[in-house]
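This report describes selected features of the structure shown below, with attention to its cores, helices and backbone geometry.

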Amino acid sequence: MISIKSALAKPFAKRVHYNIQKWAKKPFETQEKVFQNLISEATSTQYGKDHDFISINCYEDFVKRVPIRDYEDLKPYVERVVAGESDILWKGKPIYFAKTSGTTSGSKYIPITKESMPYHVEAARNAILMYINETGNSKFVDGKMIFLQGSPILKEQNGVQLGRLSGIVAHYVPKYLQKNRLPSWETNCIEDWETKVDAIVDETLPQNMTIISGIPSWVQMYFEKIQQKTGKKVGDVFKNFNLFIFGGVNYEPYRAKFENLIGRKVDSIELYPASEGFFAFQDKQNEKGMLLQLNSGIFYEFIKADEFFNENPKRITIKDVEVGVNYVMIISTNAGLWGYNIGDTVEFTSIKPYRVIVSGRIKHFISAFGEHVIGKEVEQAMQEATLNSNIRVTEFTVAPQINPLEGLPYHEWFIEFENEPDDVSALAKKIDQSLQKQNSYYFDLISGNVLQPLKITKVKKGGFQEYMKSVGKLGGQNKLPRLSNDRKIVEGFPHTI
């Protein structure tokens, strides 16, 4: 029997789909409207005055006046906002600061305004509604849904609420979902991640779980604890669990492991949320990439990743992007971020409509020898090498070995296996071949005897979690970089076998 909630979800989903199609089919007009609105709303702010917004009539004017900045560069303005000043980056004061841990900046305080907040909530909701509209599946709205996230406890700083983005968003769960949502408020407020996951397991085991959502590495820990406690596959414990929603990292390296933990395939929806804005979500089950949110108070610019560190790299809008090129994504938003480099690299999989995948981080790459290897390439290499095998990888990271005890330098892959290969060197060879095929620079270095093929160092079971715990980054919104251009991370990695 179909419930009222399930029946109502379908016409609601149809309406949302129609509204999204309207702007997705007019991408240039949509972005131009966002651009003009941002400039006019911020003209009288301190930033707007400093950068002569009153004289900006077109994108070319904007490029001349607004430089590309990362958080460090924008920090003098942000510090004034944090100190309680009004009309600095955006009109008035923000309603929240999303506190994130930066790799170079210490804590970062990202403003969220009353204009930007609704888009964080709507995009996640719309991703689910687009799925309902496409598949016709709405039964799951009657079951329990879990969103693994940070603590919703907020602090106050000069009249502005401060917390993790996922904790802030927890305050905006729609009323019609409140009864379905787990974990409880009390459990969600537990700070220690391992204690919290244990409590979530206890709360959810007796429930009819239909949606599970979170960063794959967190959800993996939750699934493993369920399996340990029950001795069953997650799909047998939660028979109606059929939708996994994730964001933050590429799911592909986890997919085989998850399907083994669940015991069957489930549909998934990929999201691309960040403290700085909700950029994209998967709008089709059988299309690669996520629909770029062009109507969400964010104006997008792109710079080719291999030109990014040039003195004056060319900035372009969506009008000039190409499929399959690696771009650094630059944003200007209705939270007061201007020409802001969030550090992510993206690739377009489609331009009708505009869909992207996250290919990595502009700072997370290996080019110790001029090879320009990026996150997407190492993940694809791992995926190809383990395809159609019983090898299951829990986690991995890659670093250059510049000064080996003997022989040529190489890339060292630190891998934690759930199911080990019979022949580690054969797996290393497969990964290396895939990487050479994808990256011509890497191929040239191997064939030119500048590098020797990669080597695998096994990490003991639970080693990655132990490492994250040792550096105070277990849980939360913390993710271990897939690769680094130095050995800082792996030298603090005492868990090899």
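The model is predicted. Asp87 is found in the loop between α5 (71-82) and β1 (96-101). Although Asp87 is not a glycine, its phi is positive, at about 55°. Its relative accessible area is 36%, and Asp87 is therefore partly exposed, since that class lies between the limits of 20% and 50%.

A second residue of this kind is Asn388, in the loop between α14 and β18 (392-401). Asn388, also other than glycine, has a positive phi near 55°. With a relative accessibility of 79%, Asn388 counts as exposed.

Two peptide bonds that precede proline are cis, as set out in the table.

| Cis peptide bond | Omega | Citation |
|---|---|---|
| Leu182 to Pro183 | near -5° | |
| Lys352 to Pro353 | about 0° | |

Pro183 belongs to the loop between β6 (181-182) and α9 (185-188), and Pro353 to the loop between β14 (340-351) and β15 (354-361).

**Nonpolar cores**

In soluble globular proteins, nonpolar side chains tend to be buried together. Here the largest nonpolar core has 82 residues, and the members that touch the most others are Leu292, Phe302, Met329 and Trp338. Eight of its residues come from helix α6 (residues 117-135), which gives the most to this core. Beyond four places in sequence, Met329 is in contact with several residues, including Tyr272, Phe279, Leu292, Phe302, Ile342 and Val346. A further core of 27 residues lies apart from the largest one, with Trp218, Met221, Ile226 and Phe246 among them.

**Helix α11**

Helix α11 (residues 216-230) has 15 residues and, at 1.5 Å a residue, should span 21 Å; its end C-alpha atoms are 21 Å apart, so the expected and computed values agree. Its buried residues include Trp218, Met221, Phe223 and Ile226, together with Gln220 and Lys225. Gln220 has a relative accessibility of 4% and therefore counts as buried. Leaving out residues up to four places away in sequence, Gln220 touches Tyr254, Lys257, Phe258, Leu261 and Thr394. Gly231, just after α11, has a positive phi of about 70°.

**Packing of α14 and α15**

The axes of helix α14 (residues 375-386) and helix α15 (residues 424-438) come within 8 Å and cross at roughly 135°. This angle makes α14 oblique to α15, and the crossing is right-handed. Among the residues that make the contact are Val378, Ala381, Met382 and Ala385 of α14 and Leu427, Ile431, Ser434 and Leu435 of α15.

Key. Residues are numbered from 1 along each chain as its sequence is written. This is a predicted model: local features need pLDDT of at least 70, side-chain atom pairs count only at pLDDT 80 or more; totals for chains, interfaces and linings use all residues. Side-chain values use heavy atoms; hydrogens and water are left out. A nonpolar core is a set of buried Ala, Val, Leu, Ile, Met, Phe, Trp, Tyr and Cys residues joined through side-chain atoms within 4.5 Å. Buried means under 20% relative accessible area, exposed over 50%, partly exposed in between (1.4 Å probe, protein chains only). Helices (H or I, at least four residues) and strands (E, at least two) are DSSP runs, numbered from the N terminus. Contact means heavy atoms within 4.5 Å. The expected span of a helix is 1.5 Å times one less than its number of residues. Axes are lines fitted to C-alpha atoms, for helices over the stretch in contact, and angles run from 0 to 180 degrees between N-to-C directions. Angles under 35 degrees count as roughly parallel, over 145 as roughly antiparallel, 65 to 115 as roughly perpendicular and the rest as oblique. A crossing is left-handed if the near helix is turned anticlockwise from the far one by less than a right angle, and right-handed if clockwise.
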